[in-house]
Amino acid sequence: MKELYKGKVKTVYQSENPDEVLIGFKDKVTCGNGKNETVIPGKGAINCEISSILFEKLHRAGIKTHYIDRPEPNVMRCKKVDIIPLEVVVRNIATGSIIRETTIQEGTRFHPELIEFYLKDDSKNDPLLTPDRMNLMGYDNVLFHGSAFQINTVLKEIFNSIDIDLVDFKLEFGLHNRSIILADEISPDGCRLWKKGSMESMDKDLYRKNTGNILEAYQEILTKLKAL
Ligand code: C5P
């Protein structure tokens with residue numbers, strides 16, 4: 001199979017259908033821009049299934065995504081898109097970079113949520129963008145803001161129903177037949193998830209901070225999502 005893109009934790013292959021790709025989830029976990037990495041057997045399939053369930057639920061809520069199906073435990077079949085080089089971060093509760101870079105207190109709840117845009121470019125260290133900079137680069141700030149808001153509304157409700165607070169997460173979008181659709185993955189690698197009402201992580205922070213077992217936490221999230 002032709003490899004189209006090899007990322008740190010996922011590889012994208014061309015599918016037999018020219019309009020589709022296969023995204024293989026690896027068992028690797030990395031942090032610090034790839035400086036630390038560990039192989040955790042089974043993690044790829046868990047993240048792939050979590051991501052697939054969330055994309056299916058978003059689709060049912062009327063959100064257009066690249067997801068088609070999951071032909072193998074660690075493979076998602078998706079529409080082929082041109083990834084838009086933006087990282088869209090939604091924050092419901094303050095933690096992570098926002099508390100390092102501002103005077104906002106950890107745990108502050110945002111009403112409405114904060115929606116931030118970063119340029120997806122490792123060589124420039126993924127800088128935070130302003131709406132004006134985004135518009136100058138040709139990205140419609142209002143459109144992305146609206147989609148991120150809608151997606152957050154659906155995801156927050158899903159996690160709330162399984163007793164998890166959706167703290168923050170990152171989204172990526174892609175162009176498919178001239179429309180902008182949700183792409184990439186939605187998994188605990190790119191979200192912060194706290195046990196409801198606490199600050200107890202069930203996400204990649206367990207690995208970043210070396211405070212627990214990500215496989216157990218990710219499996220618990222998957223089990224709860226499957227029981228919905
Ligand atoms: O580091 P920061 O607090 O800005 O991250 C916000 C959210 O976006 C976190 O859930 C993090 O996992 C996610 N993120 C990501 N990939 C990046 C940057 C942030 O998944 N490159």
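These legends accompany close-up views of a predicted model.

**View 1. The chain is divided into two domains.**
Domain 1 covers residues 3-79, and domain 2 covers residues 82-213. Their centres, taken over C-alpha atoms, are 18 Å apart. On the domain 1 side, 27 residues make contact; on the domain 2 side, 20 residues do.

**View 2. The largest nonpolar core has 54 residues.**
Within this core, I151, L155, L171 and I186 touch the most other members. Both domain 1 (3-79) and domain 2 (82-213) supply residues to the core, so the core lies between them. I186 shows what such a core residue touches. Beyond four places in sequence, I186 contacts I50, S51, L54, F55 and L58, and also L155, L171 and C191. Two of these, L155 and L171, are named with I186 among the core residues that touch the most other members.

**View 3. Five strands form an open antiparallel sheet.**
The strand order is β1-β2-β3-β7-β6. β1 (3-6) and β6 (67-72) are the edge strands, and each pairs on one side only. From one strand to the next, the twist averages 25°. Strands of a sheet pair through backbone hydrogen bonds, either parallel or antiparallel. In this sheet the pairing is antiparallel.

**View 4. β1 and β2 pair at one edge of the sheet.**
The edge strand here is β1 (3-6). Strand β2 spans residues 10-14. The two strands run antiparallel and share 3 bridges. K6 of β1 faces T11 in β2. A hairpin of 3 residues links β1 to β2.

**View 5. β7 pairs with β3 and with β6.**
β3 (residues 20-25) and β7 (residues 75-79) are antiparallel and joined by 5 bridges. E20 stands opposite K79 in β7. β6 and β7 are also antiparallel, with 3 bridges. Here D69 has R77 of β7 as its bridge partner. A hairpin with 2 residues between the strands connects β6 and β7.

**View 6. Helix α1 lies across β3, β6 and β7.**
The helix comprises residues 43-60 and runs at about 150° to β6. Of its 18 residues, 14 are buried, so α1 is mostly covered. Does the helix length fit its residue count, or what span should it have? At 1.5 Å a residue, 18 residues should span 26 Å, and the end C-alpha atoms of α1 are 26 Å apart, which agrees. After α1 comes G62, with a positive phi near 95°.**View 7. T95 is a buried loop residue.**
T95 sits in the loop between β9 (86-93) and α2 (97-101). Is this residue buried or exposed? T95 has a relative accessible area of 2%, under the 20% cut-off, so T95 counts as buried. Leaving aside neighbours within four places in sequence, the contacts of T95 are E106, V167, D168, R192 and W194. K204 is 109 residues from T95 in sequence, and their C-alpha atoms are 13 Å apart.

**View 8. A cis peptide bond joins H111 and P112.**
Most residues other than glycine have a negative phi, and most peptide bonds are trans. At the bond between H111 and P112, omega is about 5°. P112 belongs to strand β10, residues 109-119.

**View 9. N33 and N177 have positive phi values.**
Neither residue is a glycine. For N33, phi is near 55°. N33 is in the loop between β4 (28-31) and β5 (36-39). Its relative accessibility is 51%, so N33 counts as exposed; the cut-off is over 50%. For N177, phi is about 45°. N177 is in the loop between β11 (164-176) and β12 (179-183). N177 is exposed too, with a relative accessible area of 65%.

Definitions and conventions. Residues numbered from 1 in each chain as written. Predicted model: local features only at pLDDT ≥ 70, side-chain atom pairs only at ≥ 80, totals over all residues. Heavy atoms only, no water. Core = buried A, V, L, I, M, F, W, Y, C linked by side-chain atoms within 4.5 Å. Buried < 20%, exposed > 50% of the residue type's maximum accessible area, 1.4 Å probe, protein only. Domains from an automatic or database assignment. Contact = heavy atoms within 4.5 Å. Helix = DSSP H or I, 4+ residues; strand = E, 2+ residues; numbered from the N terminus. Pairing = 2+ DSSP bridges. Axes fitted to C-alpha atoms, helices over the stretch in contact; angles between N-to-C directions. Expected span 1.5 Å × (residues − 1).
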